[in-house]
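Hi everyone, thanks for coming. I'd like to walk you through a structure that may be new to you, so please have a look at it with me.

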Amino acid sequence: MGLPLGLSVFAVGLAVLAIITLAAGVKIVPQGHVYTVERFGRYARSLDAGLGLITPFVERIGRKVNVMEQVIDVPSQQAFTRDNAGVTIDAVVFYQVLDAARASYEVSSLDLAATTLTMTNIRTVVGSMDLDQLLAHRDEINERLLRVMDAAASPWGVKINRIEIKDIVLPADLAGAMARQMKAEREKRASILEAEGQRAAEILRAEGRKQSAILEAEGRREAAFRDAEARERSAEAEAAATGMVSRAIAEGDIAAANFLVAEKYVDAVRAIATAPNQRVVVVPIEAAALAGTLGGIGELTRSVFGDGGAAPRRTGTPPNVAAPRA
């Protein structure tokens with residue numbers, strides 16, 4: 001027999017309630033998230049990624065916390081440096097939730113709290129630095145902000161990974177002054193480099209002239225040494241020739257004396273003929289005396305080098321000139 005109608009309705013309602021209860025107790029947590037479980041409004045535990053179970057009607061999901069690294073774009077704000085220069089700064093903050101319970105229940109609005117804390121610390125750090133230091137040491141600013149922010153966010157179960165200053169905007173008049181200063185500094189460096197280049201070039205040219213003078217002096221010294229050596233050799237040769245002529249004269253050879261006189265005579269005539277201020281030279285020369293002199297030269301030559309069987313001529317008689325009769 002079938003069940004009574006009332007009992008059937010009760011069974012169906014009980015089955016539906018069981019299904020709803022089971023569905024309410026099964027929770028699927030996506031990757032990169034952590035769910036907090038509250039029991040009667042109080043934190044009980046956390047559900048990690050995957051399939052999780054809770055007690056229906058007793059427990060409920062409190063907060064759905066993203067535990068992946070997140071970024072907060074800090075709005076631009078104006079700050080004043082230690083030397084009273086107004087600048088506009090904006091930054092970004094990268095953070096990650098390490099403890100979902102504390103991030104959910106220790107701070108009311110995590111993003112708002114992190115943004116406000118970052119803006120406050122930016123003004124503090126900028127106010128402790130000069131403008132030049134602020135522009136030249138962004139890494140130092142990032143490091144100081146990171147150290148302060150990480151210590152402040154640690155009670156919230158949040159890890160501040162990095163803080164980056166995106167931009168530092170200067171007022172128009174201050175930017176123009178800095179541009180002129182940079183231009184003047186670069187022109188100064190260019191002038192210094194140009195002066196140093198000219199100085200180096202002058203030093204090199206002076207070194208070149210010095211080396212050239214040294215080499216030229218050494219060349220003159222070598223040439224003078226060679227000339228002196230040549231004059232010494234010429235003097236030695238002339239002395240040897242004079243000694244030979246002197247010995248020939250001492251031995252009674254008149255041709256040697258004639259040779260010496262003829263040599264000096266010919267040299268004198270050559271000097272007169274080659275003088276630059278002379279065009280026509282008239283010199284009274286006795287042909288017989290010159291012929292006798294030349295003959296003496298020939299006799300002396302034959303006496304030194306030999307005549308190959310030719311009969312010797314009389315001393316003082318030139319060739320092709322008949323000897324005077326007795």
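Let me begin with a term: helices here are DSSP runs of H or I with at least four residues, and they are numbered from the N terminus. With that in hand, we can place Asn 142 in helix 5. Please keep in mind throughout that this is a predicted model.

Let's stay with that residue for a moment. Is Asn 142 buried or exposed? It is buried, because its relative accessible area is 11%, and the cut-off for buried is under 20%. What does the side chain of Asn 142 reach at 3.2 Å? That would be the backbone nitrogen of Ile 165. There is also a polar contact of 3.4 Å between the side chains of Asn 142 and Glu 164. If we set aside neighbours within four places in sequence, Asn 142 is in contact with Ile 163, Glu 164 and Ile 165.

Now let's step back to the whole protein. It has eight helices and eight strands. Of its 326 residues, 22% are buried. And if you take the contacts between residues at least 6 apart in sequence, 61% of them join residues at least 24 apart.

Next, the nonpolar cores. In soluble globular proteins, nonpolar side chains tend to be buried together. The largest nonpolar core here has 35 residues, and the ones touching the most other members are Val 87, Val 158, Ile 160 and Ile 165. Which elements give two or more residues to this core? They are strand 6 (70-80), strand 7, helix 2, helix 3, helix 4 (131-136), helix 5 (138-153) and strand 8 (158-169). A second, separate core has six residues, including Val 37, Leu 47, Ile 54 and Ile 61.

You may have spotted Ile 165 again, the residue whose backbone nitrogen is reached by Asn 142. Another core member, Val 158, has quite a list of partners: apart from neighbours within four places in sequence, it is in contact with Tyr 95, Gln 96, Val 97, Ala 103, Leu 110, Asp 150 and Ala 153.

Let's turn to a polar residue, Gln 77, which sits in strand 6. Gln 77 counts as buried because its relative accessible area is 6%. What do we find around its side chain? A polar atom of the Gln 77 side chain lies 3.0 Å from the backbone oxygen of Met 119, and a polar contact of 2.5 Å joins the side chains of Gln 77 and Arg 123. Not counting residues up to four places away in sequence, Gln 77 touches Val 87, Thr 88, Ile 89, Met 119, Ile 122 and Arg 123.

On to a pocket. The second largest pocket has a volume of about 190 Å³. The elements giving two or more residues to its lining are strand 5 (59-66), strand 7 (86-97), helix 2 (100-105) and helix 3 (110-127). Which of these gives the most? Strand 5 does, with four residues. In total, 13 residues line this pocket, and Lys 64, Val 65, Ala 103, Ser 104 and Leu 110 lie nearest its centre. Sorted by type, the lining has six nonpolar, four polar and three charged residues. Ala 103 and Leu 110 should sound familiar, as both are in contact with Val 158.

Two residues caught my eye for their backbone. Most residues other than glycine have a negative phi. Phe 40, however, has a positive phi of about 55 degrees, and Phe 57 has a positive phi of about 70 degrees. Where are they? Phe 40 lies in the loop between strand 2 (33-39) and strand 3 (42-47), while Phe 57 lies in the loop between strand 4 (50-53) and strand 5. Phe 40 counts as exposed because its relative accessibility is 66%, and Phe 57 counts as exposed because its value is 67%.

Last stop, Val 26, in strand 1 (residues 26-29). Val 26 is partly exposed, with a relative accessible area of 32%. Val 26 and Ile 54 are 28 residues apart in sequence, and their C-alpha atoms are 6.5 Å apart. Beyond neighbours within four places in sequence, Val 26 is in contact with Leu 51, Gly 52 and Leu 53.

Thanks for listening, and I'm happy to go back to any part of it.

Technical notes: Residues are numbered from 1 along each chain as its sequence is written. This is a predicted model: local features need pLDDT of at least 70, side-chain atom pairs count only at pLDDT 80 or more; totals for chains, interfaces and linings use all residues. Side-chain values use heavy atoms; hydrogens and water are left out. On a 1 Å grid over the protein atoms alone, a cavity is a set of points where a 1.4 Å probe fits but cannot get out, and a pocket is an open set with protein on both sides within 12 Å along at least five of seven lines; lining residues have an atom within 4 Å of a point. Grid points are joined across faces, edges and corners, and a volume is the space filled by probe spheres set on the points. Ala, Val, Leu, Ile, Met, Phe, Trp, Tyr, Cys and Pro count as nonpolar, Asp, Glu, Lys and Arg as charged, and the others, Gly among them, as polar. Buried means under 20% relative accessible area, exposed over 50%, partly exposed in between (1.4 Å probe, protein chains only). A nonpolar core is a set of buried Ala, Val, Leu, Ile, Met, Phe, Trp, Tyr and Cys residues joined through side-chain atoms within 4.5 Å. Contact means heavy atoms within 4.5 Å. A polar contact is a pair of N or O atoms within 3.5 Å; within protein, one must be able to donate a hydrogen and the other to accept it, and residues adjacent in sequence count only if both atoms are side-chain atoms.
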